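Good morning, everyone. Please have a look at the screen while I get started.

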Amino acid sequence: MSHFPKAHIVTFRYYVGVIHFLDEEYHKAEENLTAAYRMCHKDAQTNKNLILTYLVPTYLHTTRRLPKVNLELPNIVDELFGGLFQAIKNGSLGHFTFELDAQINVFVKRRIYLSLERSRELCLRNLLKRCWILAGDKEKPRVKVKDWAAAVRWSSKAIGEGGYNHIRESNADSRNVGMEGFVEDVKERREAGERLDSEMDDDEVECLISGLIYKGLLKGYISRDHGILVLNRKGEIFPGTGV
């Protein structure tokens with residue numbers, strides 16, 4: 001490949017990275033998109049923006065944390081992801097849904113909507129981390145599931161319940177369904193009165209917490225008989241966050 005012009009290599013790496021991204025092979029996508037970004041000409045701002053459009057969501061999945069974005073190109077990152085990043089950082093589920101809805105047409109057109117929707121679990125992880133820190137009692141590694149469920153319900157309506165329903169992950173594949181059809185499907189779900197996150201019961205929140213444990217975002221186990229979450233005594237409770 002070294003025999004080809006650098007511009008051709010950048011283009012090749014970019015499209016290979018996008019293909020891996022759409023196939024949800026995020027580590028391969030990160031490898032190719034990072035290589036394309038580093039080889040891209042310093043003045044090729046448009047090309048760098050295109051690469052970042054996929055590289056930033058990829059980073060969310062491979063590292064499970066917010067990316068430390070180089071300030072060389074703040075515009076594209078701030079315009080597309082700034083609001084979502086702030087919501088994830090603060091653990092605000094209502095704000096996350098609001099920001100995702102606000103740019104749904106752009107996200108679906110660029111084929112990154114479902115990938116960003118799946119980063120909701122990072123927002124939930126950060127919410128529970130803040131609850132744990134604010135609780136103050138680190139000597140007792142036990143939390144009542146109903147307490148965290150109350151936090152999830154409160155956070156989900158922090159923006160207000162004016163139509164910002166939780167958009168549950170659709171089985172529709174944005175690569176095979178037209179953008180208009182996909183967006184309309186999401187809107188129809190809202191208008192049909194799909195329940196708000198703020199109406200989730202304790203069992204549903206327990207399922208979300210179980211998902212975090214399964215994916216390694218939270219260390220501990222749930223005791224259903226007692227309705228408590230027993231947290232990790234050794235090492236980090238929320239891996240990769242320092243807590």
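I will go from the whole protein to a few helices, rings and single residues.

One caution before anything else: this is a predicted model.

Let's begin with the overall layout. The protein has eleven helices and three strands. Follow the elements from the N terminus. The order is α-α-α-α-α-α-α-α-β-α-α-α-β-β. The protein has 243 residues, and buried residues make up 44% of them. Now think about contacts with a separation of 6 or more. Of these, 62% are between residues 24 or more positions apart.

Next, the start of the chain. Helix H1 covers residues 6-22. Helix H2 covers residues 26-39. How do H1 and H2 cross? Their axes come within 8 Å, at an angle of roughly 155°. Angles over 145 degrees count as roughly antiparallel, so that is what H1 is to H2. The crossing of H1 and H2 is left-handed. Many residues make this contact. From H1 they include Ile9, Val10, Arg13, Tyr14, Gly17 and Phe21. From H2 they include Tyr26, Ala29, Asn32, Leu33, Ala36 and Met39.

Let me pick out two residues of H2. Take Asn32, which sits in that helix. Is Asn32 buried or exposed? Its relative accessible area is 9%. The cut-off for buried is under 20%, so Asn32 is buried. What does Asn32 touch, leaving aside neighbours within four places in sequence? Its contacts are Arg13, Val16, Gly17 and His20. Those four residues are also on the H1 list for the helix contact.

Ala29 is in H2 too. Ala29 has a relative accessible area of 0%, so it is buried. Again, skip residues up to four places away in sequence. Ala29 then touches Gly17, His20, Phe21 and Thr58. There is also a pairing to look at across the sequence. Ala29 and Thr62 are 33 residues apart in sequence. In space, their C-alpha atoms are 9.6 Å apart.

Now the rings. How many aromatic pairs does a search of the whole structure find? The search finds six. One of them is Phe21 with Tyr26. Their ring centres are 5.8 Å apart, and their planes are at 75°. Planes over 60 degrees apart count as edge-to-face, so this pair is edge-to-face. Phe21 is buried, at 3% relative accessibility. Tyr26 is buried as well, at 13%.

Phe21 also pairs with Tyr54. Here the centres are 5.4 Å apart and the planes are at 75°, so this pair is edge-to-face too. Why does this pair tie together separate parts of the sequence? Phe21 lies in H1 and Tyr54 lies in helix H3, residues 45-63, so the pair joins parts that are 33 residues apart in sequence. Tyr54 is buried, with a relative accessible area of 11%. Step back, and the ring pairs form a cluster. It links Tyr14, Tyr15, Phe21, Tyr26 and Tyr54.

One more ring, this time with a charge. Which ring does the charged end of Lys48 sit over? It is the ring of Tyr37, and the charged end is 5.3 Å from the ring centre.

Let's move further along the chain. Helix H8 is residues 120-135, and helix H9 is residues 145-156. Their axes come within 10 Å and cross at roughly 125°. The range for roughly perpendicular ends at 115 degrees, and roughly antiparallel needs over 145. The angle falls between those, so H8 and H9 are oblique to each other. H8 passes H9 in a right-handed crossing. On the H8 side, the contact is made by Leu124, Leu127, Leu128, Cys131 and Trp132. On the H9 side, it is made by Trp148, Ala151, Val152 and Ser155.

Last residue: Ile133, which lies in H8. Ile133 has 42% relative accessibility. Partly exposed runs between 20% and 50%, so Ile133 counts as partly exposed. Where is Val243 relative to Ile133? The two are 110 residues apart in sequence, yet 8.4 Å apart in space, C-alpha to C-alpha.

That's my tour. Let's go back to the screen and discuss.

Methods. Residues numbered from 1 in each chain as written. Predicted model: local features only at pLDDT ≥ 70, side-chain atom pairs only at ≥ 80, totals over all residues. Heavy atoms only, no water. Helix = DSSP H or I, 4+ residues; strand = E, 2+ residues; numbered from the N terminus. Buried < 20%, exposed > 50% of the residue type's maximum accessible area, 1.4 Å probe, protein only. Contact = heavy atoms within 4.5 Å. Phe/Tyr/Trp six-rings, centres within 6.5 Å; stacked < 30°, edge-to-face > 60°. Lys NZ or Arg CZ within 6 Å of the ring centre and 35° of its normal. Axes fitted to C-alpha atoms, helices over the stretch in contact; angles between N-to-C directions. Parallel < 35°, antiparallel > 145°, perpendicular 65-115°, else oblique. Left-handed = near helix turned anticlockwise from the far one by under 90°.
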